Amino acid sequence: MFTGFKNNFNKTFTLAYPVMLSQLGQVMVGVADNIMVGRLGAVPLAAASLANSIFFMILMFGIGISMAVTPMVAAADGEGKKGKIGRFLNHGFVINSVASVVLFLLILAISPGLKLINQPQEVVVLAIPYLLIITFSLIPFMFFQTYKQFIEGLSQTKQAMFITVLFNLLNIGLNYLLIYGNWGFPELGLNGAGWATLISRILMAWVLYLYVTRSRRYEKYIRSIKLKQIRYSVIKKMLGIGIPTGLQFVFEVGAFSSAAIMMGWIGVNALAAHQIAINLASISYMMASRLSAAAMVRIGNQLGRRDIPKLREVGFSIFGNVLIFMSFFAVMFLMFKNYLPLLYIEDIQVVEMAASLLIIAAVFQLSDGLQVVALGALRGLSDVKVPTLVTLLAYWVVGLPLGYLLAFKFHYNELGIWIGLLIGLTLTAIMLFYRFHSLSLKLQKEFSKPESVSFP
């Protein structure tokens, strides 16, 4: 058992660590954004929280749609059917292009609604222009995601890592220039962080496109896109994975976005503290999500090979990996809860609020890591509908209503909201872990029979 865990750990780590570093780079840009904006004061930091609560919910839906490319490419690669891979790339490009425009227009349409959700007026005034700027970055980001998910489906993750890290460093440099007006650049404040994000994402998408389309490694998969070769059946199949995956992200990220709106009902300081705590928690979550991506690829490969015992071994080993990984962050949040918020802001009241939220963040680390890896493992099995229902029920039927009651009826304020989120995450983790266990066990029994079986 130990040997099997060790071998799977090594394979998963080899596949996941470049993506984790890539994701860490993206997360650290968010951390840098918030630290730099926090130096402007509590109001700009609260405005960033409000705008990002809307933007990231839509962005994560787009990421979910784009992720349909990865398990389908991984399964085709596992089956040895190379001809399918190029078709999946082209269909993914069409889907993601259309989705980027639709999501872009959606944010433009709903952005004026920030004035109607009972938020502090000074926060809304800063949040709307910042939201409109970062909204433009959706289109190049989805372009980038198309090629990133494609090469990750082929178990090649280092290339996107190097590109992401490079342009995230550029983003931080642009923040320094555009937020504060250094080196003769205009002092744009919060909007400067938005322009830095937009510029870096445009360049990042362009460089990855050039790499993939001009590399000999991928030339056998690259085909010109002809609309007459686009098949509705393939689009339907990809959307059947992508839309539920996107909804899973929306239900989870939307719960935290709704929590940010409720924090605004409490006040500017609560909203700023929420932004600090959620920004720090996003470091561990987004890196764990890369283990989730590794689970999706590896399990998709094993499903393509019809090796279900190995599939279960891979899945459970990655669950063990993420629990160890998230335990480290739980300890860090508890040990440094009073110091980490000081990186963002010096307002003592905000720091104290953020420190109390980090205690809850430490508690939900294991649940958060387990549920995100379980989602990835189930995507590798092409099982997306039941997990989508699970996330809807856990966050929106249990977690958020309970958080509202604790915050505003029992007067636990910001702590009550986060306790509700903790309970929602824990329920999600338990149900999804059981779902993977029962579904993979059912597949193992079916594949042991001589007759053919259908995929979930």
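Hi everyone. Helices α3 and α10 sit oblique to each other, because their packing angle of about 40° falls outside the ranges that count as roughly parallel, antiparallel or perpendicular. Before I go on, a reminder that this is a predicted model.

So, who is involved here? Helix α3 covers residues 69–79 and α10 covers residues 268–304, and their axes are 7 Å apart. The crossing of this pair is right-handed. On the α3 side, the contact uses T70, P71, A74, A75, G78 and E79, and these meet M296, V297, G300, N301 and G304 of α10. By type, that contact divides into five nonpolar residues, five polar and one charged.

Let's move on to a second pair. Helix α6, residues 138–153, packs with α7 at an angle of about 145°, and the axes are 9 Å apart. From α6 we have F144, K148 and I151, while α7 brings Q159, A160, I163 and T164. Here the split is four nonpolar, two polar and one charged.

Staying with α7: how far apart should its ends be? With 23 residues, 158–180, at 1.5 Å a residue, the expected span is 33 Å, and the end C-alpha atoms are 33 Å apart, which agrees. Just after α7, G181 takes a positive phi of about 75°.

Last one, helix α11, residues 308–335. Its 28 residues should span 40 Å at 1.5 Å each, and the end C-alpha atoms lie 41 Å apart, so the two values agree. And which residue caps the N-terminal end of α11? That is D307, with a side-chain oxygen 3.3 Å from the backbone nitrogen of K310.

Thanks for listening!

Methods: Residues numbered from 1 in each chain as written. Predicted model: local features only at pLDDT ≥ 70, side-chain atom pairs only at ≥ 80, totals over all residues. Heavy atoms only, no water. Helix = DSSP H or I, 4+ residues; strand = E, 2+ residues; numbered from the N terminus. Expected span 1.5 Å × (residues − 1). Polar contact = N/O pair within 3.5 Å; in protein donor to acceptor, adjacent residues only side chain to side chain. Axes fitted to C-alpha atoms, helices over the stretch in contact; angles between N-to-C directions. Parallel < 35°, antiparallel > 145°, perpendicular 65-115°, else oblique. Left-handed = near helix turned anticlockwise from the far one by under 90°. Contact = heavy atoms within 4.5 Å. Nonpolar A, V, L, I, M, F, W, Y, C, P; charged D, E, K, R; others polar.
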